[in-house]
Amino acid sequence: MEDKTPWTRSLLLRIRQERPVLLVALLIALIALASGVNKWAVLGLLLIVILTALWHAVPVVRQEPPQPVPEDVEVLRSRLPEVSATLAALDIPVMVLSGDASVLYQNRAAEKAFGEVSIGAHISARLRSPGILDMIGETIATNTPNQIEHSERLPSERVYVVRSAPVELSDQQATGERFFVLSFRDISEVRRIDRMRSDFVANASHELRTPLASLRGFIETIQGPAKSDAKAQERFLGIMLDQATRMSRLVDDLLSLSRLELKSHIAPDEKVDLVPLLGHVRDSLVPLANDVGVEIALHLPQGTAEVLGDRDELVQVFENLIENACKYGQEGKTVDVFLKNGQGEPVEVTVVDKGPGIPAEHVPRLTERFYRVSIEDSRSKKGTGLGLAIVKHILTRHRARLIVKSEVGKGTSFTVRF
């Protein structure tokens, strides 16, 4: 009986319930036959009784009304929009993934950081990092949280702690639906501060060692052999002042470089007109140019030349480039500054000197910290070796490029292309 359908089992049960009626009908039929009643009439009556009993025994199959969807399932289906509204308010990138790693939702921070991805597309359509994809696959397979550290180089260096975790729901077994959250915690600032601290200590200790040793030597000389020599003391005090001033410039440039590194990933968004800005830079450098016998010539277009930038930082860039051209290209007697603002072309500022030029092997390394083509020449012109490194960091923040071209004996050009 184990293999019978529920309908068959119900029929047999109903027949058992009608068995007394059938036995009584059979007994009456036998008595009637014994009394000489027509056998066909008895058989017809018996057949009617049996069919009637069987009719009542057949179970009635009723169409069950559709069962309402359980309330917890409906809550689950409507939960994603509610969660999305909450995640939209977060300032960290967050994505919600399905059980097959398709993107169900991404908040505004994720769109800003990684670009918009079509809802329902696989996560690999936006994130190509093998480490992240393997982590997501492991989380989906094992239903356990995982995290890795992920870095991106472009458009600026960013470091994230990426975490994938399942969303634990009380009614998950009832629905079979699975959700996973992928979050990105930005630790770029922490990494930059750590690197800035170590770089500052290393650079400062290296660059300050020479002037500090010089100061100590002169102080010992003044306290000893030159204790009564007024002329020697005057000369030594002048050198000591130069060394102290050099240390002050070094510290100022190192701090400026560190501040720029901290905000290198934040692009400026104010409009700056380069026409009056370059005029201001030229006017501020006229005294220096006169001292070294150089004329600064501006070649500016009509109208405006606006770029997105930070005015003070751009002033620092062009002051550095034009000052370097005056100091190291003073043999040419002229420094030309060209501003190009063609329709449909990038805005460019080119600073050209007619000095001795830079050997080709040095050009790729000019923006390295403390790199000098000629150490003696740089120190004699009171250079710190950090100017072009500062320029590079400012232009990186402005999403601009520095292009250097030089030919020995003919001069050098520095082009800033926005």
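**Exercise 1. What is the volume of the largest cavity, and which residues line this cavity?**

Solution. The structure is a predicted model, and a search of the whole of it finds 1 cavity of 30 Å³ or more. The volume of the largest cavity comes to about 40 Å³. Its lining is made up of L97, I136, T139, I140, S164, F180, V181 and L182. When these residues are assigned to secondary structure, α5 (130-142) and β5 (179-186) are each found to supply at least two residues of the lining. Sorting the lining by class then gives 6 nonpolar and 2 polar residues, with no charged ones.

**Exercise 2. Describe how helix α10 packs against helix α9 and against helix α12, giving geometry, handedness and the make-up of each contact.**

Solution. Begin with helix α9 (residues 274-292), which packs with α10 at an angle of about 35 degrees, the two axes lying 9 Å apart. The crossing in which α9 passes α10 is right-handed. On the α9 side the contact includes L274, L277, L278 and H280, among others, and on the α10 side it includes R311, L314, V315 and F318. Divided by class, this contact holds 13 nonpolar, 2 polar and 3 charged residues.

Next take helix α12 (residues 387-397), with which helix α10 (residues 311-328) packs at an angle of about 145 degrees, at an axis separation of 10 Å. Here α10 passes α12 in a left-handed crossing. From α10 the contact draws on E313, Q316, V317, N320, L321 and N324, while α12 contributes G387, L388, I390, V391, I394, L395 and R397. The class count for the contact of α10 with α12 is 7 nonpolar, 4 polar and 2 charged residues.

**Exercise 3. How many aromatic pairs does the model contain, and why does the pair of F114 and Y160 tie together parts that are apart in sequence?**

Solution. With ring centres required to lie within 6.5 Å, the count comes to 4 aromatic pairs. One of them joins F114 and Y160, whose rings are 5.6 Å apart centre to centre and have 50 degrees between their planes, an arrangement classed as tilted. To place this pair in the chain, note that F114 belongs to helix α4 (residues 108-114) and Y160 to strand β4 (residues 158-166), so the pair links parts that are 46 residues apart in sequence.

Methods: Residues are numbered from 1 along each chain as its sequence is written. This is a predicted model: local features need pLDDT of at least 70, side-chain atom pairs count only at pLDDT 80 or more; totals for chains, interfaces and linings use all residues. Side-chain values use heavy atoms; hydrogens and water are left out. On a 1 Å grid over the protein atoms alone, a cavity is a set of points where a 1.4 Å probe fits but cannot get out, and a pocket is an open set with protein on both sides within 12 Å along at least five of seven lines; lining residues have an atom within 4 Å of a point. Grid points are joined across faces, edges and corners, and a volume is the space filled by probe spheres set on the points. Helices (H or I, at least four residues) and strands (E, at least two) are DSSP runs, numbered from the N terminus. Ala, Val, Leu, Ile, Met, Phe, Trp, Tyr, Cys and Pro count as nonpolar, Asp, Glu, Lys and Arg as charged, and the others, Gly among them, as polar. Axes are lines fitted to C-alpha atoms, for helices over the stretch in contact, and angles run from 0 to 180 degrees between N-to-C directions. A crossing is left-handed if the near helix is turned anticlockwise from the far one by less than a right angle, and right-handed if clockwise. Contact means heavy atoms within 4.5 Å. Rings of Phe, Tyr and Trp (its six-membered ring) pair if their centres lie within 6.5 Å; planes under 30 degrees apart count as stacked, over 60 as edge-to-face and the rest as tilted.
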